[in-house]
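Dear colleague,

Please find below the structure that I am handing over to you. My findings follow directly after it.

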Amino acid sequence: HRDGTYTITFTPQTAGPHQLLITMDGQHVRNSPHDIDVRPDYLTLCNPQHVINCSKNPISIAIHENGDIYAGSSGHCIYVFDQRGQLKNTIGSRGSGDGQFSYPYGISIKGDVLCVADSCNNCVQKL
């Protein structure tokens, strides 16, 4: 990047502890190697066999503690998928009332509480 930072991609094949060695021009970058602990549920969510087809451009995502995947979309709703990527539920619709969204750009889920940053309605809804 122009600010002197770099983006790296790491795709683990197994769960457990890993050491990520980062070099540039044959030299370790500062603080390399990095110790990373990969959780088994991460591999399940990121496994290419579990590609989720969200027909309305996903723009935000949150993972529930039970493994369900919540995806905000330009379809002005929140899609809820199970761990296998199967659609379980759709929350909300287009609009400006309670439970309605206009570009839900940020979502967070903890327990039974879903918070949605509703961009074009200039609000955060707690459902």
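From the N terminus on, the elements of this predicted model follow the order β-β-β-β-α-β-β-β-β-β-β-β-β-β. The chain thus holds 1 helix and 13 strands.

Of the 127 residues in the chain, 28% are buried. The chain exposes about 8800 Å², and carbon and sulfur atoms supply 48% of that area. Among the contacts with a separation of 6 or more, 29% join residues that lie 24 or more positions apart.

One residue that illustrates such a separation is Gly-72, which belongs to strand E6 (residues 69-73). Gly-72 and Tyr-105 are 33 residues apart in sequence, yet their C-alpha atoms are 6.6 Å apart in space. Gly-72 has a relative accessible area of 0%, so this residue is buried. Tyr-105, at 48%, is partly exposed, because that class covers values from 20% to 50%.

The aromatic rings also deserve a description. A pair of aromatic rings is described by the distance of the centres and the angle of the planes. The structure holds 2 aromatic pairs. In the pair of Tyr-79 and Phe-81, the ring centres are 6.2 Å apart and the planes stand at 35 degrees, so the pair is tilted. Both Tyr-79 and Phe-81 are buried. The rings of Tyr-103 and Tyr-105 have centres 6.0 Å apart and planes at 45 degrees, and therefore this pair is tilted as well. Tyr-103 is partly exposed, with a relative accessibility of 28%.

Yours sincerely,
A colleague

Technical notes:
Residues numbered from 1 in each chain as written. Predicted model: local features only at pLDDT ≥ 70, side-chain atom pairs only at ≥ 80, totals over all residues. Heavy atoms only, no water. Helix = DSSP H or I, 4+ residues; strand = E, 2+ residues; numbered from the N terminus. Buried < 20%, exposed > 50% of the residue type's maximum accessible area, 1.4 Å probe, protein only. Contact = heavy atoms within 4.5 Å. Areas by Shrake-Rupley, 256 points an atom, 1.4 Å probe, with all protein chains shown as cover. Phe/Tyr/Trp six-rings, centres within 6.5 Å; stacked < 30°, edge-to-face > 60°.
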